[in-house]
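Let's take a walk through this structure together, beginning with a bound molecule and the protein that surrounds it. Keep the 3D view open as you read.

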Amino acid sequence: MPRLLEIKDLRTVFDTAKGRISAVDGVTLGLNSGDTLGIVGESGCGKTMLALSIMRLIPANGKIVNGEILFSGQDLLKISSEEMRKKRGSEIAMVFQEPMTSLNPVLRVGEQIAESIRLHQKLHTKEALALSIDQLREVGIDDPEKLIRDYPHQLSGGMRQRVMIAMAMSCHPQLLLADEPTTALDVTIQAQILDLISTLKEKNNMAVILITHDLGIIAQAAKHVAVMYAGKIVENSTVENIFDHPLHPYTRGLIESMPARCAASSDKGNYLKTIPGNVPSLYNLPAGCRFFDRCTSAQKECNKEEPVLKEIEEGHFVSCWKYPGNIN
Amino acid sequence: MARLIIRLERPDAGNIYYKGDDINSFSAAQLKSYRGNVQMIFQDPYSSLNPRKSAVSIIREPLTIRKIGDKNERDEMVMQLMAKVGLSKEQANRYPHEFSGGQRQRIGIARALVLKPELIIADEPVSALDVSIQAQILNLLKELKHDFGLTYLFISHDLNVIRNMSDRIAVMYLGKIVELAANRDIYSTPMHPYTRMLLSAVPSGDPKNKNRTLSIKGEARNEGEKGCNFQNRCSYKIDICAQEEPPLKRYDQQRFCACHRGGSI
Ligand SMILES: Nc1ncnc2c1ncn2[C@@H]1O[C@H](COP(=O)(O)OP(=O)(O)OP(=O)(O)O)[C@@H](O)[C@H]1O
Ligand SMILES: [Mg+2]
């Protein structure tokens, strides 16, 4: 049986006044039903564009120029836009970072969910509304009969995100893409939303791609982790490997600099570990490895040629010249 | 709260004292000196710097306004500070948009330090920064605190950052301080039910340790309702919680908590 999702050498580019950039630059990854893949990386490294590429919803000045996105074996890049539209919402759904921008401000919550259900199922408004109520109860809303009459602006950030999840879940997708679903929320609400996603995943044997810049969330919620840096995946493995046995110098730097993993003290002596330098701009990438000028274990070959993602140990993919498997 | 302390806004009630004097009854001269002694570092290094000024003039501006030193002395001070916060001489004449987020935050920090303040209000100083840059800035703030003998009021929603930066911690819920204690006491023996829920909700950063000690439930209630603000989410609620708002009470030298069940749960 094919894996639920298999992405091969995906490249998504933007043509801008300053030239062409590859926001997603040769990404390869896979995911099975029922699993959560965390995608972690810094601002601008291409996480959202990767998710939007899977949905085939990238902004108009961008395009996918290479690769395959196999969903249950079928290449999403080869199907018609009509077929893709049917898959969105029914088989693949997405929850966005800022729920306010993806909810219609002038529609009551119930109508919005009912609308999204009716896009994929032939139902009368009344039936769809009844289903919406069930769906809202599923996502932990105590009084859905009241909530369906509210407008989005009347809801708290946490409630809005629950509504977004209810809409995404309304057609029981096999794959849920959650792009920074908790970034704007208080940690106690964040914890509840992450728990909710995990419960729904278990119940429906759904696969989840959880995008975040927060390593704490990754450790809490992901089974596998892909670390992105400047458009590329630099490491991909189980969450245990990523946190306890990271191989890429960038991943290692990120994990070591987490305040959660350092001693508690405001003393001067108690510094955090840091990664020197700054994230490179996609418009001005260094030659060879993109992490070269920040890497403490860089060798002189590293800025000659770009390393490729290779399986260094079983189930542990790394893109770094340090590992002999990689030197051809 | 930060805006009240730097007197951008005035409180509706209550007083703020700086070294014993009420900042809202300062004379013009006192206010001027206060505004030199108390500086602010902002969350968003993008919007807090004037885009039309070079790095060096942004940092120098408070000296120029106050006519401190002559031109050479000012430039000397600014160059020293730039080196101290990790900016190079070559970057001095560049404009904010030519810097990364972390570098812009360094400019903001240098500007806050140029008048040799005693107290710095740092409002979410790393939350807009990339993960790999946050630790650099936190270390810089620690180093400056030590080298210049600074006091920080450090505002953050990230409990791991707070734990790494603070001596004492005030936990706020819906505009009120619910607990105030020494760093280690907050994390080892949290007293207020909200502090406990908060600590339990923070991801541990370790995939082997995912289990929460407490269940996390509920959402913030609306403002202006009667009784304790946290009652609708609290597992320890008793009758009085619905009636009266608990005052912030002192439990020992360093420890304050606003809970009707304080000390008994
Ligand atoms: N419409 C566009 N035109 C040109 N460039 C774009 C466009 N949208 C995104 N980009 C660029 O593509 C790159 C990847 O963007 P993306 O939104 O995927 O980043 P991200 O990893 O999701 O970041 P964040 O953590 O800030 O959400 C960025 O460098 C961004 O500037
Ligand atoms: Mg994004």
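A good place to start is a polar side-chain atom of A:Ser43, which lies 2.7 Å from an oxygen atom of ligand 1. Please keep in mind that this is a predicted model. Next, look at A:Gly44: here a polar backbone atom is 2.8 Å from an oxygen atom of ligand 1. The side chain of A:Thr48 joins in as well, with an N or O atom 2.7 Å from an oxygen atom of the ligand. On its own, ligand 1 has 640 Å² of accessible area, and the protein covers 71% of this.

Now widen the view a little. There are 16 residues around ligand 1, and those that come nearest are A:Ser43, A:Gly44, A:Lys47, A:Thr48 and A:Met49. In character, this shell divides into 7 nonpolar, 6 polar and 3 charged residues. Which elements of chain A give two or more residues to the shell? They are strand E1 (5–16), strand E2 (19–31) and helix H1 (47–55). Helix H1 of chain A gives the most, with 3 residues.

Let's turn from the ligand to the space that holds it. Ligand 1 takes up the space of the second largest pocket. This pocket contains about 1,200 Å³ of space. It is lined by 39 residues, and the closest to its centre are A:Glu42, A:Ser43, A:Gly44, A:Val279 and B:Asp130. You have already met two of these, A:Ser43 and A:Gly44, in polar pairs with the ligand.

Which elements each supply at least two residues of the pocket lining? From chain A they are E2 and H1, while chain B brings helix H5 (101–113) and helix H6 (131–148). The lining residues divide into 15 nonpolar, 17 polar and 7 charged.

Before you leave chain A, have a look at the backbone in two of its loops. In the loop between helix H7 (157–169) and strand E7 (175–179) you will find A:His172. Although A:His172 is not a glycine, it has a positive phi of about 50°. Follow the chain past E7 into the loop that leads to helix H8 (187–204), where A:Glu180 lies. A:Glu180 also has a positive phi in a residue other than glycine, with a value near 45°.

Conventions: Residues numbered from 1 in each chain as written. Chains lettered and ligands numbered in written order. Predicted model: local features only at pLDDT ≥ 70, side-chain atom pairs only at ≥ 80, totals over all residues. Heavy atoms only, no water. Near = heavy atom within 4 Å. Polar contact = N/O pair within 3.5 Å; in protein donor to acceptor, adjacent residues only side chain to side chain. Areas by Shrake-Rupley, 256 points an atom, 1.4 Å probe, with all protein chains shown as cover. 1 Å grid on protein atoms, 1.4 Å probe; cavity = no way out; pocket = protein on both sides within 12 Å on 5 of 7 lines; lining within 4 Å. Sits in = over half its atoms within 2 Å of the grid points. Helix = DSSP H or I, 4+ residues; strand = E, 2+ residues; numbered from the N terminus. Nonpolar A, V, L, I, M, F, W, Y, C, P; charged D, E, K, R; others polar. Points joined across faces, edges and corners; volume = space filled by probe spheres on them.
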